[in-house]
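Subject: Structure handover

Hi,

Here is the structure I promised to pass on. Have a look at it first, and then read my notes underneath.

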Amino acid sequence: MSAVLNIHRSILGQPWRWRGLASDSREGLVPDDLVTQLLLTRGVAREELEQHRNPSIRAFMPDPSIFNDMDRAAERLADAAEAKEQVAIFGDYDVDGATSAALLVLLLRDLGLEARPYIPDRLMEGYGPSGEALVRLKQEGASLIVTVDCGAQAFEALEMARAAEAEVIVVDHHKCSPELPVAHSLVNPNRLDETEGAAHGHLAAVGMAWLLGAALVRTLRNRGFFKDRPEPKLLDLLDIVALGTVADVASLKGLNRAFVAQGLKVMAGRRNIGLNALISASRLTRAPTCTDLGFALGPRINAGGRVGRSDLGVRLLTTRDPDEARAIAEELNLLNEERRAIEGDVQRQAEELSQAKGNRAVAVIAARGWHAGVIGIVAGRIKEKLGRPAIVIALDENGIGKGSGRSIPGVDLGAAVMAARDAGLLLAGGGHAMACGVTIAEDNLEAFADFLEERLSERVTQAMGERALLVDAVLAPGGVCPELVTAMDEGGPYGMGWPGPRVVAGPVSVIKADVVGTGGHVRVIVAGEDGRSLKAVAFRQAETELGQALLSAPRHRKLWLAGRAKIDDWGAKPAAELHIEDAAWAD
C-alpha cells in the first residue's frame with residue numbers, strides 16, 4: 001500500500017498509510033462521499049452501507065437463544081419474577097460491572113421485583129465473586145444470585161455457593177477455560193463451546209445483560225405475565241448499555257454500534273435520574289457523545305470502585321431520588337479528582353521503572369505502595385508510551401501483587417495470562433485480548449515476565465512492525481472546519497474496533513507554540529499555504545520527540561500534521577481544531 005504523501009517515517013518513526021484502498025487524490029469529495037468512504041474503509045460491504053450508516057437494534061439484534069444457557073437463565077429469572085423471590089446482583093466494581101448490575105436491577109424493578117445489588121470492595125475483596133460473599137448473600141435471604149461481568153473463572157467461589165445450596169447465574173464476557181465452573185447457568189459469548197453466539201464475543205457484559213433481559217421479557221410474555229401489566233421498555237435502558245460498552249473499550253462493531261448509537265439518543269433525553277445528575281456534574285452542556293462516555297462519564301463511575309465506595313455507581317444509576325443522585329454525582333466527581341492525582345504519582349514512578357525493563361515484549365512493572373485502583377489506567381498510559389503491552393502491579397505488605405494489563409492490537413494478552421496461571425505462575429488471572437488482571441506472588445514476578453517474553457515476543461515484534469498511522473483524508477488547514485467534523489460524525493459512533501477518522505492537514509508553518517496545562521500539552525497555531533490558520537494541540541507530548549519538534553519548528557520549515565479534527569466550542573461560535581497524533585516534515 002502506498003505511503004500517504006510519501007511519508008515512510010514520521011517524527012514518531014512510523015509510516016503513514018491510507019486506511020483503505022484510497023489514493024492521494026481527495027478532490028471533489030462531498031460529505032456523503034466522505035461518510036461512504038469512512039464506512040467502506042472500516043470493513044462495511046457496499047450493500048450494507050445504509051444499515052451501518054444508521055445502526056439500529058433491529059438490524060443487528062441476534063436471537064438471544066443462540067447463546068448457551070441463555071434460555072435456561074431466562075426461565076430461572078422468570079420464575080423469580082413471578083414468585084417475587086429475593087434476587088441479588090453481584091457485579092464487578094468497574095463501569096461494565098456497575099452498568100450491568102444497574103440494568104438488571106432496573107429491569108427487575110419494572111417487573112415488580114426489588115433486586116439487591118452487591119459490588120465487592122476492590123481493595124478488601126478483590127475481583128470477582130468470592131465464595132464467602134456468595135454464601136453470605138444466600139444466608140441473608142437471596143434465593144437466586146446473578147453475577148455480571150465476572151464469574152467465568154470463579155471455580156472455587158461457585159463451588160462454595162453450590163455447597164451452600166445457592167443458585168447462581170453467571171453473565172460474563174471474559175475468556176473461559178475448557179472446563180466451566182459449576183453454576184445454574186453460564187451465559188458468555190466467549191465460552192469455548194459457543195457456536196453461533198461466538199460471533200458476538202466482542203460484546204461487553206452489559207450488552208450480554210441486556211440480551212438476557214430481552215430473553216427474560218420474551219419468556220414472561222409467553223407465560224402471559226404482561227396480561228395485566230405493561231412490558232418494560234428495554235430500549236429505554238440503552239443509555240446504560242452504551243456507557244458500559246464504551247467504558248469497557250468494547251469493539252464498536254455490529255450490535256455494539258447499535259447499542260451505542262441508540263443509547264446516545266436515549267441519554268440525550270436524560271431519562272435516567274442518576275445519569276442526568278452525572279452529566280450535570282461533568283459540566284456537559286450538550287448531549288453526551290461517545291467520547292464523553294469514555295473520558296467524562298465513565299471515569300467518574302469508575303472512581304467509586306477505584307478510590308471510593310464501590311457501590312456508588314450502581315446506587316447512582318438506580319436511584320429514584322434526584323437529591324440523592326446529585327449528592328452521589330458530586331461525590332464521584334470529587335473522587336475522580338482524587339483518582340487523577342493518585343494516578344499521576346503512580347504513572348511517574350511506573351515510567352521511571354519501565355525504563356529499566358529494556359525492550360521486553362511485555363513491560364511488567366511492580367512496586368509497593370501503589371494504589372491498586374489506578375493501575376489499569378497507568379498500564380494503559382505505559383502501553384501507549386512504549387507501544388507494547390504493559391502490566392502494572394501493586395504489591396502489598398505481604399508480597400502479593402494485584403496487577404492490571406493493557407495490550408496492543410494483534411496481541412492476545414488475556415490468553416497469555418490464563419496460560420501463565422495454568423502454568424502455576426499466578427495465584428489468579430484472566431481477561432480478554434486487550435486487557436487482563438492478575439494476582440501474583442512477588443517471588444514469581446521475574447518468572448512471569450520471562451514466560452510472557454517467551455510466549456509473546458515474536459507476536460509483539462510483528463505487531464509493532466506492522467504499526468502504521470492510518471489516514472482517512474488529506475486537507476489544507478482551511479478544510480479542517482466544523483462542517484467536516486459534522487460530516488465525519490455521521491460515520492460513527494467511533495471507538496475500539498471502529499476507529500475515529502484521522503486527517504492530515506498541511507503543509508503548515510508553526511506560528512506559535514507553547515506548553516499548557518499540568519499534563520505537558522503542546523498547543524500550536526499553524527498557517528497553511530491556503531492562507532488559513534488552524535489551532536491544534538498535542539496532548540501529553542511536551543517531553544516527546546513530537547512535542548519538541550512542534551515547540552522548536554522554524555517558521556520557514558513546513559510540517560504535515562496528522563490527528564483528529566474536533567469541535568472547539570469554547571468561543572463565541574464553534575470552530576474546529578486538530579488534536580495532533582503525529583507530524584512529518586514536508587521538505
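Before anything else, a word on burial: a residue is called buried under 20% relative accessible area, exposed over 50%, and partly exposed in between, using a 1.4 Å probe and counting protein chains only. E231 is a good example, since at a relative accessible area of 33% it is partly exposed.

Some housekeeping. This is a predicted model, so local features need pLDDT of at least 70 and side-chain atom pairs count only at pLDDT 80 or more, while totals for chains, interfaces and linings use all residues. Residues are numbered from 1 along each chain as its sequence is written, and side-chain values use heavy atoms, with hydrogens and water left out.

**The overall picture**

The protein has 19 helices and 18 strands. Both are DSSP runs numbered from the N terminus: helices are H or I with at least four residues, strands are E with at least two. The C-alpha trace spans about 75 × 60 × 45 Å along its principal axes. The radius of gyration is 24 Å, which agrees with the value near 25 Å for a compact globule of 587 residues. That radius is taken over C-alpha atoms, and the globule rule is 2.2 Å times the number of residues to the power 0.38.

Of the 587 residues, 56% are buried. The protein exposes about 25000 Å², with carbon and sulfur atoms supplying 49% of that; the areas come from the Shrake-Rupley method with a 1.4 Å probe, and for residues only the protein chains shown count as cover. As for contacts (heavy atoms within 4.5 Å), take those between residues at least 6 apart in sequence: 66% of them join residues at least 24 apart.

**Two sheets**

Strands of a sheet pair through backbone hydrogen bonds, either parallel or antiparallel. Here, two strands pair if DSSP finds at least two bridges between them.

One open sheet has five strands in the order β3-β2-β4-β5-β6, with parallel pairing. β3 (116-118) and β6 are at its edges with a single partner strand each, so one side of each has no neighbour in the sheet. On average, neighbouring strands in this sheet are turned by 20° against each other, direction ignored. (Axes are lines fitted to C-alpha atoms, for helices over the stretch in contact, and angles run from 0 to 180 degrees between N-to-C directions.) Inside the sheet, β4 (residues 144-148) runs parallel to β5 and is joined to it by five bridges, with V146 opposite I169 of β5.

The loop between β5 (167-171) and β6 (185-187) holds P181. Is P181 buried or exposed? It is buried, with a relative accessible area of 6%. Leaving aside neighbours within four places in sequence, P181 is in contact with G151, A152, A154, F155, L158 and L186. The C-alpha atoms of P181 and K84 are separated by 27 Å, and the two residues are 97 apart along the chain.

Another open sheet of five strands has the order β7-β8-β9-β11-β10, and its pairing is mixed. Its edge strands, β7 (363-368) and β10 (428-432), each pair on one side only. Neighbouring strands in this sheet are turned by 15° on average, direction ignored. Helix α15 (residues 375-386) packs on the sheet, touching β7, β8 (390-395) and β9 (400-406), and its direction makes about 50° with that of β9. β10 and β11 (residues 435-441) run antiparallel, joined by five bridges; G431 has C436 in β11 as its bridge partner.

**Salt bridges**

A salt bridge here is a side-chain nitrogen of Lys or Arg within 4 Å of a carboxyl oxygen of Asp or Glu. The count comes to 39. Which ones might you look at?

- E231 and R221: the closest N and O atoms are 2.7 Å apart. The pair links distant parts of the chain, 10 residues apart, with E231 in the loop between α8 (205-222) and α9 (238-247) and R221 in α8. R221 is partly exposed, at 42% relative accessibility.
- E50 and R53: the closest N and O atoms are 3.9 Å apart. Both sit in helix α2 (residues 49-53), and being three residues apart they are separated by about one helical turn. E50 is exposed at 52%.
- R315 and E324: these side chains meet at 3.4 Å, N to O. R315 is partly exposed at 28%, and E324 is partly exposed at 29%.
- E75, D79, E82 and R223: salt bridges link these four in a network.

Cheers
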